[in-house]
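Here is a set of short exercises, each followed by a worked solution. Take a look at the sequence and the 3D view, then try each task before reading on.

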Amino acid sequence: MFADKYKNKRSLGRGAFGQVYLVEDNEGKEYAMKLISVDAIKKEPYLMEYLDGEIECMKTMDSPYIIKLYDTLRD
């Protein structure tokens with residue numbers, strides 16, 4: 001699923017629950033992709049509910065001052 005849409009270019013950093021990568025889509029556009037570990041979610045049951053809420057909120061945002069959410073993938 002991921003490999004069909006994006007090519008991993010390099011790691012940008014690491015946080016408490018995952019890692020951020022620079023990726024490129026099939027058209028050559030670059031994005032930052034946040035990869036969150038399933039193990040981290042299993043250890044913190046509230047995290048999935050929090051992430052779902054954050055995703056829904058970010059989908060509605062459209063401001064030059066807020067990072068734009070372009071896509072989500074679950075595997």
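How many helices and how many strands does the protein have? The protein has three helices and three strands. Here helices (H or I, at least four residues) and strands (E, at least two) are DSSP runs, numbered from the N terminus. Before going further, note that this is a predicted model, in which local features need pLDDT of at least 70, side-chain atom pairs count only at pLDDT 80 or more, and totals for chains, interfaces and linings use all residues. Residues are numbered from 1 along each chain as its sequence is written, and side-chain values use heavy atoms, with hydrogens and water left out.

**Exercise 1. Trace the chain and its strands.**

Solution.

Step 1: Reading along the sequence gives the pattern α-β-β-β-α-α. The C-alpha trace spans about 35 × 30 × 20 Å along its principal axes.

Step 2: Look at S1 and S2, which run antiparallel and are joined by seven bridges. Strands count as paired if DSSP finds at least two bridges between them. A hairpin of three residues connects S1 to S2, and arginine 10 has leucine 22 in S2 as its bridge partner.

Step 3: Move on to S2 (residues 18-25) and S3 (residues 30-36), an antiparallel pairing over seven bridges. Tyrosine 21 stands opposite methionine 33, while valine 23 has tyrosine 31 as its bridge partner. The hairpin of S2 and S3 has four residues between the strands, and glycine 28 there takes a positive phi near 90°.

**Exercise 2. Decide how covered strand S2 is.**

Solution.

Step 1: Fix the cut-offs: buried means under 20% relative accessible area, exposed over 50%, and partly exposed in between (1.4 Å probe, protein chains only).

Step 2: Of the 75 residues of the protein, 19% count as buried.

Step 3: S2 is mostly covered, with seven of its eight residues buried. One residue of S2 that counts as buried is glutamate 24, at 18% relative accessibility.

**Exercise 3. Find the salt bridges and say what they tie together.**

Solution.

Step 1: Side chains of opposite charge can pair when their charged atoms come close. A salt bridge here is a side-chain nitrogen of Lys or Arg within 4 Å of a carboxyl oxygen of Asp or Glu. The structure holds six of these salt bridges.

Step 2: Start with lysine 5 and aspartate 71, whose side chains meet at 3.2 Å, N to O. Lysine 5 lies in helix H1 (residues 2-5) and aspartate 71 in the segment after helix H3 (46-60), so this salt bridge ties together parts that are 66 residues apart in sequence. Both partners are partly exposed: lysine 5 has a relative accessible area of 37%, and aspartate 71 has one of 30%.

Step 3: Next comes lysine 7 with glutamate 24, where the closest N and O atoms are 3.7 Å apart. Because lysine 7 lies in strand S1 (residues 6-14) and glutamate 24 in strand S2, the pair ties together parts 17 residues apart in sequence. Lys7, Lys9, Glu24 and Glu30 are linked in a network of salt bridges.

Step 4: Add arginine 74 and aspartate 52, which meet at 2.1 Å, N to O. Arginine 74 lies in the segment after H3 and aspartate 52 in helix H3, so the pair ties together parts 22 residues apart in sequence. Arginine 74 counts as exposed at 53% relative accessibility, whereas aspartate 52 is partly exposed at 30%.

**Exercise 4. Work out how the aromatic rings are arranged.**

Solution.

Step 1: Rings of Phe, Tyr and Trp (its six-membered ring) pair if their centres lie within 6.5 Å; planes under 30 degrees apart count as stacked, over 60 as edge-to-face and the rest as tilted.

Step 2: The structure holds two aromatic pairs. The rings of tyrosine 6 and tyrosine 31 have centres 6.2 Å apart and planes at 85°, so they are edge-to-face. This pair links strand S1 with strand S3, 25 residues apart.

Step 3: Tyr6, Tyr31 and Tyr70 form one aromatic cluster. Tyrosine 6 is buried, with a relative accessible area of 16%.
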